[in-house]
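Could you walk me through this fold, starting with the ring pairs and working outwards to the sheets and helices? An informal tour is fine.

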Amino acid sequence: MATVPTKIKVQLSGNERLQKLKDAFHGKYGQMPLFYACAPGRVNLIGEHIDYCGYAVLPMAIEQNILAAVSVSDSKTIQLANTDPKYKDFTVSVDGISIDRENPQWHYYFLCGVRGIQEHLSLSSLTGMCCVVDGTIPASSGLSSSSALVCCAGLVTMEANKKSLSKVTLAETCAKCERYIGTEGGGMDQSISFLAEEGTAKLIEFNPLRATDVRLPDGAVFVIANCCVEMNKAASSHFNMRVVECRIATKMLAKARGLDWSRLLKLGDLQKELQVSLKQMLELVEEVLHPEPYSRDEICKTLGISNEQLCENILSANTQHATDFKLYQRAKHVYGEAARVLQFKAVCDSSPANAIAQLGDLMNRSHESCRDLYECSCPELDQLVDICLQAGAVGSRLTGAGWGGCTVSMVPGDRIDSFLQTVRERYYVPDARRSALEKQSLFVTRPGGGAAIFIEE
């Protein structure tokens with residue numbers, strides 16, 4: 001795999017989307033783009049809410065992406081426009097970049113990527129840029145539209161400032177800088193956006209970041225279906241609440257085992273420290289944590305800290321209000337899901353005769369855990385998963401953060417037409433709003449390539 005993002009020379013006559021973007025850019029700024037950059041969305045096949053706990057995940061890039069046309073100038077400003085009129089233009093001085101995490105607008109995600117690259121490269125000043133952005137990833141759908149925008153902006157900033165960074169460095173930098181908008185993610189979305197390769201899913205592991213090819217079985221296709229409920233991670237506290245619950249569970253389990261709990265933040269770090277198997281971690285959860293929610297008082301008493309220390313050192317900015325914490329359920333999901341990811345890869349590698357059935361079963365168990373233990377599903381997602389299974393999927397689960405967004409289903413190739421028709425008839429057609437969104441909400445997907453720069457021939 002090439003270590004730096006690919007640069008591809010393209011003829012715009014054969015690419016309608018690039019040609020339209022070039023025309024929009026010229027109409028907006030009265031000049032031609034210097035280059036184009038794209039970063040794909042992703043679908044996570046299995047391994048939900050465990051990247052920020054230090055565990056491996058198994059996504060693939062999709063063909064839907066964020067595409068930007070860019071020119072550079074000595075104007076000392078960054079001018080941003082979007083082909084979708086609902087996203088307003090934005091202009092900022094290169095010396096005045098600030099990100100308002102209370103107001104997660106599209107341009108702030110772009111500026112996360114800009115600022116992350118600037119800080120990583122210690123650039124005292126940035127080149128001025130004009131950009132027009134075009135996205136085909138549905139927003140707030142669990143297919144990583146926001147992270148793809150951050151990654152695209154990071155790639156644009158690198159190229160505009162005539163620098164070169166490896167894909168791994170870009171992924172790590174973009175994962176860190178998305179936290180400027182308040183999302184405490186784990187790095188899966190940015191990693192697959194840069195490290196993806198056409199035709200293969202990837203096992204993404206962290207610390208150090210690495211990607212391993214996972215060959216998906218012949219005879220099955222993956223279908224994405226959007227439940228049409230939107231969830232913006234940065235605008236709600238659900239996501240960060242789960243990060244915090246996992247952090248507290250780590251500390252409570254570490255304390256019970258006599259470790260220095262204050263320096264441990266992730267459930268994965270705790271397993272490394274104890275040098276035991278995932279099965280043994282699940283046994284430890286059963287032994288130490290109780291299923292009833294923990295109060296602030298119980299947590300503070302167990303850890304020997306004050307409420308002020310809990311707020312300052314453990315809770316995040318948008319979880320300061322929390323009073324109850326479901327530590328047992330969250331830890332049980334994480335260790336169980338981490339094991340399912342490794343089982344999924346092992347089945348893909350060994351390719352037994354019943355591989356598709358085994359993988360489907362792992363996906364189904366993953367959804368049950370997301371729904372019942374991690375509580376990151378919603379009624380519409382659960383209904384859609386049930387319809388997908390009844391329509392012929394061997395496995396179906398929510399994908400992405402949840403609380404809305406998409407399902408991913410594994411469907412035997414010979415059932416695909418009847419599957420699509422049944423899901424269409426039972427989930428989309430009866431509801432006018434869903435029906436209007438159906439074309440972009442239900443589609444077959446294949447593993448796509450990673451982020452790239454295009455230069456017109």
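Six aromatic pairs turn up in this predicted model. Take Tyr52 and Phe239: their ring centres are 5.4 Å apart and their planes meet at 70 degrees, so this counts as an edge-to-face pair. Tyr52 sits in the loop between strand 2 and strand 3, while Phe239 belongs to helix 6, so the pair ties together parts that are 187 residues apart in sequence. Both Tyr52 and Phe239 are buried. Tyr427 and Tyr428 make another edge-to-face pair, because their ring planes stand at 80 degrees, with the centres 5.2 Å apart. Are these two tyrosines buried or exposed? Tyr427 has a relative accessible area of 0%, so it is buried, and Tyr428, at 1%, counts as buried as well.

Now to the sheets. Seven strands make up an open sheet with mixed pairing, in the order 1-15-2-3-6-4-5. Which strands stand at its edges? They are strand 1 (6-10) and strand 5 (90-93); each has a single partner strand, so one side of each lacks a neighbour in the sheet. On average, neighbouring strands here are turned by 25 degrees against each other, if you ignore direction. Within this sheet, look at strand 3 (residues 58-73) and strand 6 (residues 128-135), which pair in the antiparallel sense over eight bridges. To find your place in the ladder, note that Ser73 is opposite Gly128 of strand 6.

Two helices lie across these strands. Helix 2 (residues 106-120) crosses strand 4 (77-82), strand 5 and strand 6, and its direction makes about 135 degrees with strand 4. Helix 5 (residues 188-195) lies across strand 2 (35-46) and strand 3, running at about 120 degrees to strand 2.

Next, the nonpolar interior. In soluble globular proteins, nonpolar side chains tend to be buried together. Here the largest nonpolar core has 148 residues, and those with the most contacts inside it are Leu45, Val156, Ile248, Leu289, Tyr335, Phe344 and Phe419. What does Val156 touch, leaving aside neighbours within four places in sequence? Its contacts are Phe35, Ala37, Ala68, Val70, Phe110, Met129 and Cys131. Apart from that core lies another one, of 15 residues, including Leu21, Ala69, Cys130 and Val132.

The other sheet to look at is an open one of four strands, in the order 12-13-9-14, with antiparallel pairing. Strand 12 (395-399) and strand 14 (442-445) are its edge strands; each has a single partner strand, so one side of each is left without a neighbour in the sheet. From one strand to the next, the twist averages 25 degrees. Strand 12 pairs with strand 13 (residues 406-412) over five bridges, in the antiparallel sense, and Leu398 has Thr407 of strand 13 as its bridge partner. Helix 12 (residues 355-372) packs on this sheet, where it touches strand 9 (220-226), strand 12 and strand 13, and its direction makes about 40 degrees with that of strand 12. Helix 13 (residues 379-390) also lies across strand 9, strand 12 and strand 13, running at about 155 degrees to strand 12.

For a helix with a clear inward side, go to helix 7 (residues 267-274), whose buried residues are Leu267, Gly268, Leu270 and Gln271. Why do they fall on the same side of helix 7? They cover an arc of only 160 degrees around the axis, which puts them on the same side. The general rule behind this kind of pattern is that an α-helix has 3.6 residues a turn, so residues three or four places apart point the same way. The buried residues of helix 7 pack against helix 6 (238-256), helix 8 (278-288) and helix 11 (327-350). Right after helix 7 comes Gln275, with a positive phi, near 55 degrees.

Finish at Gly450, in the loop between strand 14 and strand 15 (452-456). At 21% relative accessibility, Gly450 counts as partly exposed, because buried means under 20%. Gly450 and Cys38 are 412 residues apart in sequence, yet their C-alpha atoms are 8.4 Å apart in space. Not counting residues up to four places away in sequence, Gly450 touches Pro40, Ser193, Phe194 and Ala196.

Definitions and conventions:
Residues numbered from 1 in each chain as written. Heavy atoms only, no water. Buried < 20%, exposed > 50% of the residue type's maximum accessible area, 1.4 Å probe, protein only. Arc of directions from axis to C-beta. Contact = heavy atoms within 4.5 Å. Pairing = 2+ DSSP bridges. Axes fitted to C-alpha atoms, helices over the stretch in contact; angles between N-to-C directions. Core = buried A, V, L, I, M, F, W, Y, C linked by side-chain atoms within 4.5 Å. Phe/Tyr/Trp six-rings, centres within 6.5 Å; stacked < 30°, edge-to-face > 60°.
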